Amino acid sequence: MSRTVYLNGDYLPEEVAKISIFDRGFLMADGVYEVTSVLDGKLIDFDGHAARLERSLVELDMGMPMPVEELLAVHRELVKRNGLVEGMIYLQVTRGAPGDRDFVFPDPAEVPQTVVMFTQSRPGLADNPAAKTGLKIISIPDIRWGRRDIKTVQLLYPSMGKMAAKKAGCDDAWMVEDGLVTEGTSNNAYIVKGGRIITRDLSSDILHGITRAAVLRYAREAQMEVEERPFSIEEAQGADEAFITSASTFVLPVVEIDGVAVGGGKPGPVAARLREIYLEESRRSAI
Ligand code: PMP
């Protein structure tokens, strides 16, 4: 069945929604995005995603396409029109279509941004079987640009990383720079040692995950110890547990890294507990 999508103020059937071949998102990856999960027909961590969207836009000399309340209203309208119960809402804002190809940014007063939003239905999103079996990870060098804190649509390398993992019979890849893990292709990376949760500290080296912020807050509230510092693949392989977080996977255990079993090759209790807390709190505070 055709989805109803949002494009520049209109709600349209997906096959009708079209953007220009001159759109800078298409020509230059000049755009940013957000993915917000939906559980029980409600938005998870919406405020965090809206705040990060604004930050990404400002870092690229762009402004918010609409006030946050309106953004929320469009998200909710898409959920309603598509009868979305469990899944995600994808949002993308680009610098628009100046009608030609030019490296110089167009004047925002003359060229409006392109704003696209669509739903992705994923029944069973919160019931991911990988929560029980765990993920197998490979490591790859992190050769992305230096502003990974900006959520741009330049996703070719992460996409290649996922394909390399798939080719190796694994689920995902963690990226490594100067001997230390930065993050997963589309998630933040963690290890657990002696009950302590370790994850790389925030900088322009990684995306500031909205799920990361929530999970660390819940962990601290539950009196778990958190240490924000980088770790190596070797340290992760020798850890008690490893896991990832992202908006669409929540918390998922990692049971193998570059062919080495982590924590006896079974999902660990800390990741399981954090997943449980995150889902419970998220459902409670969903809007
Ligand atoms: N790092 C990268 C590179 C990502 O693409 C994502 C997911 N978009 C994350 C981390 C996790 O961020 P979030 O929890 O906000 O989904």
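Here are two short exercises on the ligand site of this predicted model.

Local features need pLDDT of at least 70, side-chain atom pairs count only at pLDDT 80 or more, and totals for chains, interfaces and linings use all residues. Residues are numbered from 1 along each chain as its sequence is written, and side-chain values use heavy atoms, without hydrogens and water.

**Exercise 1.** Find which residues are closest to the ligand, and sort the shell by class.

*Solution.* Start with the shell: 18 residues surround the ligand (a heavy atom within 4 Å). Arg 52, Lys 151, Glu 183, Ile 210 and Thr 211 are the closest. Next, sort by class: four residues are nonpolar, ten polar (Gly counts here) and four charged.

**Exercise 2.** Find the polar contacts that Arg 52, Lys 151 and Ala 247 make with the ligand (N or O pairs within 3.5 Å).

*Solution.* Take the side chains: Arg 52 places an N or O atom 2.8 Å from a ligand oxygen, while a polar atom of Lys 151 is 2.3 Å from a ligand nitrogen. Then turn to the backbone, where a polar atom of Ala 247 lies 2.8 Å from an oxygen of the ligand.

How values were computed:
Polar contact = N/O pair within 3.5 Å; in protein donor to acceptor, adjacent residues only side chain to side chain.
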